[in-house]
Amino acid sequence: MAYNVYQGDELIAEGIEDKEYAVEGLTPNTDYSFSISEVIGKQESEKSDPVTVTTKHSDVESVVVSPKTNNLEVGRTRTLRATVTPDTAKQDVTWSSDNDEVATVDNGTVTAVGEGTATITATAEGKTDTSTVNVTESESGPEE
């Protein structure tokens with residue numbers, strides 16, 4: 001007994017005798033639909049119900065944070081952007097500040113807390129990039 005393998009409606013392998021088959025050349029983080037049919041002699045059965053398979057994500061190659069330098073007054077916010085490449089990699093980014101007394105960060109939104117400098121770090125699967133935040137008191141001075 002042998003099997004034919006279909007990707008969508010296209011026959012991609014025929015006469016496969018093993019119960020496992022590896023499909024080459026698939027794009028990461030992409031859905032594909034596969035079905036099989038059984039071949040006995042010259043007779044081919046109907047195709048099975050399709051099975052959808054999602055390929056795994058690519059490895060993260062880099063993370064780039066922008067803007068690189070930020071000047072904020074106490075109490076102000078700015079949203080930073082992290083670009084993860086390639087786009088087929090998981091886009092999960094974690095953010096951190098090296099000085100929460102100067103600036104905090106929540107999902108890329110930086111809040112200036114007190115005077116000084118903080119480094120904001122974006123991390124995706126072990127790859128990182130940083131942005132500098134310089135915080136000053138507002139020109140009108142501290143609130144009384």
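This is a guided tour of a predicted model, going from one selection to the next.

**First stop: the N-terminal stretch**

Select residues 1-58, which an unreviewed UniProt entry lists as "domain: Fibronectin type-III". Over this stretch the chain is 0% helix and 50% strand, and the C-alpha atoms at its two ends are 36 Å apart.

Within that selection, pick out strand 3, which covers residues 31-40 and contains S35. Is S35 buried or exposed? S35 counts as buried because its relative accessible area is 6%, and the limit for that word is under 20%. If you display what surrounds S35, leaving out residues up to four places away in sequence, you will find it touching N4, V5, Y6 and G8, together with K47, S48, D49 and P50.

**Second stop: a loop residue that reaches back**

Move on to T88, which sits in the loop between strand 9 (81-85) and strand 10 (94-97). Although T88 is in a loop, it is buried, with a relative accessible area of 17%. Show its side chain together with that of S58, and you will see a polar contact between the two at 2.5 Å. Apart from residues up to four places away in sequence, T88 touches T27, P28 and N29, and also H57 and S58.

**Third stop: the three-stranded sheet**

Now select strands 8, 12 and 11, which form an open sheet in the order 8-12-11, with antiparallel pairing. Strand 8 (77-79) and strand 11 stand at the edges, and each has a single partner strand, so one side of each is left without a neighbour in the sheet. From one strand to the next, the twist averages 20°.

Look more closely at the pairing of strand 8 with strand 12, where the two run antiparallel and three bridges join them. One place to see this pairing is at T79, which stands opposite T109 in strand 12. T109 is partly exposed, with a relative accessible area of 30%. Beyond its neighbours within four places in sequence, T109 is in contact with T77, R78, T79 and T104. If you draw a line from T109 to V64, C-alpha to C-alpha, the distance is 15 Å, and the two residues are 45 residues apart in sequence.

**Fourth stop: the four-stranded sheet**

Next select strands 7, 14, 13 and 10, an open sheet whose order is 7-14-13-10 and whose pairing is mixed. Here strand 7 and strand 10 stand at the edges, each with a single partner strand, so one side of each is left without a neighbour in the sheet. The twist in this sheet averages 25° from one strand to the next.

Which way do its strands run where strand 7 (residues 69-73) meets strand 14? They run parallel, and five bridges join them; within this pairing, N70 stands opposite V133 in strand 14. Strand 13 and strand 14, by contrast, run antiparallel and are joined by nine bridges, and here the bridge partner of T121 is T130 in strand 14. Follow the chain round the hairpin of these two strands, which has two residues between them, and stop at E125, where phi is positive and near 45°.

**Last stop: the nonpolar core**

Finally, display the largest nonpolar core, which has 19 residues, and highlight W95, V110, I120 and V133, the residues with the most contacts inside it. Strand 6 (62-66), strand 11 (103-106), strand 12 (109-112), strand 13 (116-124) and strand 14 (127-136) each supply at least two residues of this core. Which strand gives the most to it? Strand 13 does, with four residues.

End the tour by centring the view on V133 and showing the residues around it. Leaving out those up to four places away in sequence, V133 touches N70, L72, A103 and V110, as well as G116, T117, A118 and I120. Among these contacts is N70, the residue that stands opposite V133 in the pairing you visited at the previous stop.

Conventions: Residues numbered from 1 in each chain as written. Predicted model: local features only at pLDDT ≥ 70, side-chain atom pairs only at ≥ 80, totals over all residues. Heavy atoms only, no water. Core = buried A, V, L, I, M, F, W, Y, C linked by side-chain atoms within 4.5 Å. Buried < 20%, exposed > 50% of the residue type's maximum accessible area, 1.4 Å probe, protein only. Contact = heavy atoms within 4.5 Å. Pairing = 2+ DSSP bridges. UniProt positions renumbered as here; feature names shortened; annotations may be inferred. Axes fitted to C-alpha atoms, helices over the stretch in contact; angles between N-to-C directions. Polar contact = N/O pair within 3.5 Å; in protein donor to acceptor, adjacent residues only side chain to side chain.
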